[in-house]
Amino acid sequence: MSKDRYICIHGHFYQPPRENAWLEVIELQDSAHPYHDWNERISAECYAPNGYSRILGQDHVIKNIVNNYTRISFNFGPTLLSWMEEYDKAAYEAVLEADRESMKLFNGHGSAMAQVYNHMIMPLANKRDKDTQVVWGLRDFEFRFKRKAEGIWLAETAVDIETLEVLADHDIKFTVLAPRQARAVRKVGNEDWTAVNDQSINTRVAYRCLLPSGRSLVLFFYDGRVSQGVAFDGLLNDGKRFSDSLLNAFNGEEGPQLVHIATDGETYGHHHKHGDMALAFCLDTIEKGKKAKLTNYAEFCEKFPPRYEVQINENSSWSCVHGVERWRNDCGCNSGKGYHQKWRKPLRESLDWLRDTVTEVFEREGSLIFRDPWEARNEYISVILRRNDDTIRKFLKDNVVTDASSTKVLRLMEMMRHSMLMYTSCGWFFDEVSGIETTQVMQYACRVIQLASQVGGSDLELEFLKKLELVPSNIPSLGNAAAVYKKYVLPARTNLQRVGMHVAVSSLFEEEADTLTIFNYTTHNESFVKKEAGEQKLALGITRVKSLVTRSEKKFAFAVIYLGKHNIIGNISIDMAPDRFAGMQFRMVKAFEEGKLGDVIGVMQQYFGPEKYTLWQLFKDEKRKILDLITQQSMAELEASLRRAYNQDYLLINALATNEIPIPNAYRTTFEYILNADLLNCFQPERINIKDVERISAELIKWDLKIEDPKKLARLAGESIYKELRRISSERENVKRIQRLNRLFPLLQQFQLEPNLHNTQNLYFEIAGLLKEKQGESNDEWMTQFNLLGDNLGVKVEL
């Protein structure tokens, strides 16, 4: 191996925060179907596969499964890691484990880099926000990776000198920039500078950037040509070509050289299907070829201190050739829909006004509460990372000097948190102000306005809407961002009363419980009565709703009646006295039990007034859940009716077929529906009913019927196969169990079903590794079936 040739591949793994600003969860996103939301979909396509990536042999069978993250440089956005920790634990743990393993590979230097907290464009941020973005990003990193970060990723690699000074303030050693962000270079010790551009800069060396404060930072400028090839020009179509492109990027110069690239991490699997496998093959080829050594930036810094100095182009970035104009002007950078971006500048100006206005509120109110308001904001990351009573008590003890209520303190902090979230870069990146990324940042602004009203008593929404009227939309029916705000943002706004309404409606369909957690709220019933009469249901109660974020709480009385299907009527009140509620409850229950539904509604209006709410006031996921439940009840009735026809007339239809008499379409539809329902049910229990699968498959073929929802069936089959293999791994002597599982695969192929076998393949590989360590402990027949299962899964392990 050439001792002076090094390769580093960096992946910037990031998703914009998509959480509802009030619920702190991502609501259902139908555009991500069949997944719940885009985070879940991209994690399944990219983040998880890179933790367990496949290397294929010449026969296209898996010969090894590797964690790509161990051998590349990477950063994950803090808000994305927070989501992964909760919703994709296996992928999250694979990332953390990779950093620990990379320290063993790279001389004690982990491959993970930190990232500024919520992907704010740093040159466009004020000094206070720059500082908090770095502090929160570093604290989040230390919390997860259990070490201090050596390098940090800047959102869109956007940079100015003030940002580099902030990084130096916090002992950051290096960051990575695009080649066009270098302005001039010189060798250490020389006085004269040489102007460079993206074509002429030598990207194979590290540079030291001297700062006005007298400190310095190491900068790496990635290879733009190869990075472009990976991201956009098809290099990931062939892992060998990928590795060749990296190896061919060295030149004949003396001294250590680092060929390094940087792209969005989502390139490896989400933007390019199986990109993770191309990456795994590339890394494997480089390691085995020994023409260069894999490294990360921190190790290279330690081994080879910079021999060159660099000056940067301020206000520059990797994704806008105009600097940072993509995030404040109609510069021409867009995603190609033919829309103008005249909305970018006035939108940023509107948010700047809101930020500056609430900063005044924060400083005025905070100076009466905190030892140091801005230091308190920096320290608030400890609460965000683990939001519980202990961390909140410690935060209050360390930062609050008055007897201000914890609710006011937390509202001030949340106001400032959301005032930064509303600058998440994706809000300006795309083409139209009504896009989901831009409405998301406006949702954060709406939350800021609400919190400012609660802590400072000022209503900023009217003025904010006036400013949004000057933000043009490309959609004629919308006109401007004020209309977008009213149509897409305001319906998401939540308060304790709306949570109370949600609790009331949900109580009709949920099992009774005194205490519930609904997203980031808890509810406790002080009184609850539920009555049912056939399809109709009545629920009444007094419940206390508390925010887990701001600790604010209120008590509500509610009554709600379900009339069947999706017809729900309810009311809620925050000031109903207990004796008045008791009187209402007596009258409503009596009327309901007597079947006088009109009287029930009349009593409800008498006590609550004419205003009412319905199913449509529920939060999106819960609304979908209840509608699905109602639909399932109706579908069960339909299925029962069709099943009667199937059972009663099966022999008749068989006779028609035997005598080559055309079968009426109504019967064909009935048979197809029932057989598909039965096939889905084969994968619903804990164990796959292989005999029923074989019987139903034979019936579908006999009647020339099709699978109605192959994607759903494939998903269920994939989940069931994984569960079955887990059972097989704990019952090594049960030959029949593994035989039954192998019988399933020809049936899946027969109907061209392609279940996701990713987790199953990982588990098979893990079991095979254990078997290699315990040669001879399994009987021959079981091993024969296990090898056959490997063939069915496309995995080859030499045992």
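This is a short tour of a five-stranded sheet, the helix lying across it, and a pair of helices elsewhere in the chain.

The model is predicted, with local features needing pLDDT of at least 70, side-chain atom pairs counting only at pLDDT 80 or more, and totals for chains, interfaces and linings using all residues. Residues are numbered from 1 along each chain as its sequence is written, and side-chain values use heavy atoms, with hydrogens and water left out.

**Stop one: the sheet.** Select β15 to β19: they form an open sheet in the order β15-β16-β17-β18-β19, with antiparallel pairing. Strands here are DSSP E runs of at least two residues and helices are H or I runs of at least four, numbered from the N terminus; two strands pair if DSSP finds at least two bridges between them. At the edges, β15 (515-518) and β19 (567-573) each pair on one side only. From one strand to the next, the twist averages 30°.

Now colour β16 (521-533) and β17 (536-547), an antiparallel pair with twelve bridges. Look for S527, which stands opposite I542 in β17.

**Stop two: across the sheet.** Add α21 (597-608), which lies across β17, β18 and β19 and runs at about 160° to β18 (553-564). Angles run from 0 to 180 degrees between N-to-C directions, and axes are lines fitted to C-alpha atoms, for helices over the stretch in contact. Contact means heavy atoms within 4.5 Å.

**Stop three: two helices.** Move to α25 (710-730) and α27 (758-773), whose axes are 9 Å apart at an angle of about 15°. That makes α25 roughly parallel to α27, a term for angles under 35 degrees. Show the side chains in the contact, including I721, Y722 and L725 of α25 and L763, Y764 and I767 of α27.

Conventions. Angles under 35 degrees count as roughly parallel, over 145 as roughly antiparallel, 65 to 115 as roughly perpendicular and the rest as oblique.
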